[in-house]
Amino acid sequence: MKKSSKYKILVVDDQLYIRKILSKRLKILGYEVLTTQSGEEAIKLCSFFCPDLIILDIMLCGINGYEVCSKIRSSSDVPIIFISALDKLSNQLKGFRIGGNDFIVKPFSIDEIEEKILLRLKNENNKEKSTIRIHNFEINLIKKVLIRNSEIFLLTPTETKLLKVFLLEKNKILTRKTIIKRVWGFNYSSHIDIRVVDVYISKLRVKIEDDPTNPQILKTIRRIGYKFYSK
């Protein structure tokens, strides 16, 4: 990962004190920072400043943050972290759907912002493939978001781990004990009720199956475990 002094961050927020706080802290950390309160100006700045990451408020003067993100996404995949006082799940889902990479609810901790920036830039630097398309759904393992037939589902950390295991072991039968060891770890294999696997399988089926009561992808192998079928 390159040094932070070579990273450029664009902060877009209509509140002056937030722009000042973020700008001061990020510059101390070695980032090159530009700030603006305008969505229209943010789009223009992307053209010549070429930020490595954008911190974007939603409620802006003029066009809102969603519109800014949508316009930027038409020509750039720069990481975008939304910051907003809009704390409803629907607001977060909309942000992810139009191309946001993360969402932080105001009021926020400056330490949280720092960690999110470091994580996002590290992910970009590693160039790891985060999106997987299989069957009729798409999974973003970093965002923990699954999209099936245009419907968006948020995955819990455990559901994400479980899905990763099945994606790595497609078309293989996995016993419940194997799943517990792979998802919860060896230290938990003798302490977790084996039926907890069935509970999480049921939750996962709701998100990946068209008809969870008649699963075609994640099937039960009687008296043994489960099998994830790929095309």
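Contact here means heavy atoms within 4.5 Å. In that sense, nine residues of domain 1 are in contact with five residues of domain 2 in this predicted model.

## Overall layout

The domain assignment of the protein places domain 1 at 8–126 and domain 2 at 130–228, and the centres of the two domains, taken over C-alpha atoms, are separated by 32 Å. Along the principal axes, the C-alpha atoms of the protein fill a box of roughly 60 × 35 × 30 Å. The secondary structure comprises eight helices and 12 strands, and of the 231 residues of the protein 44% count as buried. Among contacts between residues at least 6 apart in sequence, 54% join residues at least 24 apart.

## Nonpolar cores

In soluble globular proteins, nonpolar side chains tend to be buried together. The largest nonpolar core of this model has 25 residues, of which I139, F166 and F228 touch the most other members. The elements that give two or more residues to this core are strand 7 (137–140), helix 6 (157–168), helix 7 (176–184), helix 8 (196–208) and strand 12 (225–228). A second, separate core holds 23 residues, including F49, I58, C69 and I80.

Helix 6, one of the elements named for the largest core, also carries T160. This threonine is buried because its relative accessible area is 3%, which is under the 20% limit. Leaving aside neighbours within four places in sequence, T160 is in contact with L141, K144 and L155.

## The second largest pocket

About 320 Å³ of space lies in the second largest pocket. Of the 15 residues that line this pocket, D102, R120, I142, K143 and K144 are the closest to its centre. K144 is thus found both in this group and among the contacts of T160. By class, the lining has six nonpolar, three polar and six charged residues.

The lining draws at least three residues from each of domain 1 and domain 2. Helix 4 (89–97), strand 5 (102–105) and helix 5 (110–126) each supply at least two lining residues, and helix 5 gives the most, with four residues.

I142, one of the residues closest to the pocket centre, has its place in the loop between strand 7 and strand 8. I142 counts as partly exposed because its relative accessibility is 29%, a value between the 20% and 50% limits. I142 and E32 are 110 residues apart in sequence, and their C-alpha atoms are 26 Å apart in space.

Helix 4, which contributes to the lining, also has buried residues, namely N91, Q92, L93, G95 and F96. What covers these buried residues includes helix 3 (65–73), strand 4 (80–84), strand 5, strand 8 (145–148) and strand 9 (151–154). Just after helix 4, G99 takes a positive phi of about 125°.

## Loops and backbone geometry

The peptide bond from K106 to P107 is cis, with omega near -5°, and P107 lies in the loop between strand 5 and helix 5. Two residues other than glycine have a positive phi: for N171 the angle is about 65°, and for R223 it is near 65°. N171 is found in the loop between helix 6 and strand 10 (173–175), whereas R223 is found in the loop between strand 11 and strand 12.

I224 lies in the loop between strand 11 (218–221) and strand 12. Not counting residues up to four places away in sequence, I224 touches I173, L174, T175 and R176. For the pair I224 and R176, a separation of 48 residues in sequence goes with a C-alpha to C-alpha distance of 7.3 Å.

The relative accessible areas of the loop residues discussed above are set out below.

| Residue | Relative accessible area | Class |
|---|---|---|
| I142 | 29% | partly exposed |
| N171 | 36% | partly exposed |
| R223 | 78% | exposed |
| I224 | 41% | partly exposed |

R223 is classed as exposed because its relative accessible area of 78% is over the 50% limit, while I224, in the loop between strand 11 and strand 12, is partly exposed at 41%.

Terms used
Residues are numbered from 1 along each chain as its sequence is written. This is a predicted model: local features need pLDDT of at least 70, side-chain atom pairs count only at pLDDT 80 or more; totals for chains, interfaces and linings use all residues. Side-chain values use heavy atoms; hydrogens and water are left out. On a 1 Å grid over the protein atoms alone, a cavity is a set of points where a 1.4 Å probe fits but cannot get out, and a pocket is an open set with protein on both sides within 12 Å along at least five of seven lines; lining residues have an atom within 4 Å of a point. Grid points are joined across faces, edges and corners, and a volume is the space filled by probe spheres set on the points. Ala, Val, Leu, Ile, Met, Phe, Trp, Tyr, Cys and Pro count as nonpolar, Asp, Glu, Lys and Arg as charged, and the others, Gly among them, as polar. Domain bounds come from an automatic or database domain assignment. A nonpolar core is a set of buried Ala, Val, Leu, Ile, Met, Phe, Trp, Tyr and Cys residues joined through side-chain atoms within 4.5 Å. Buried means under 20% relative accessible area, exposed over 50%, partly exposed in between (1.4 Å probe, protein chains only).
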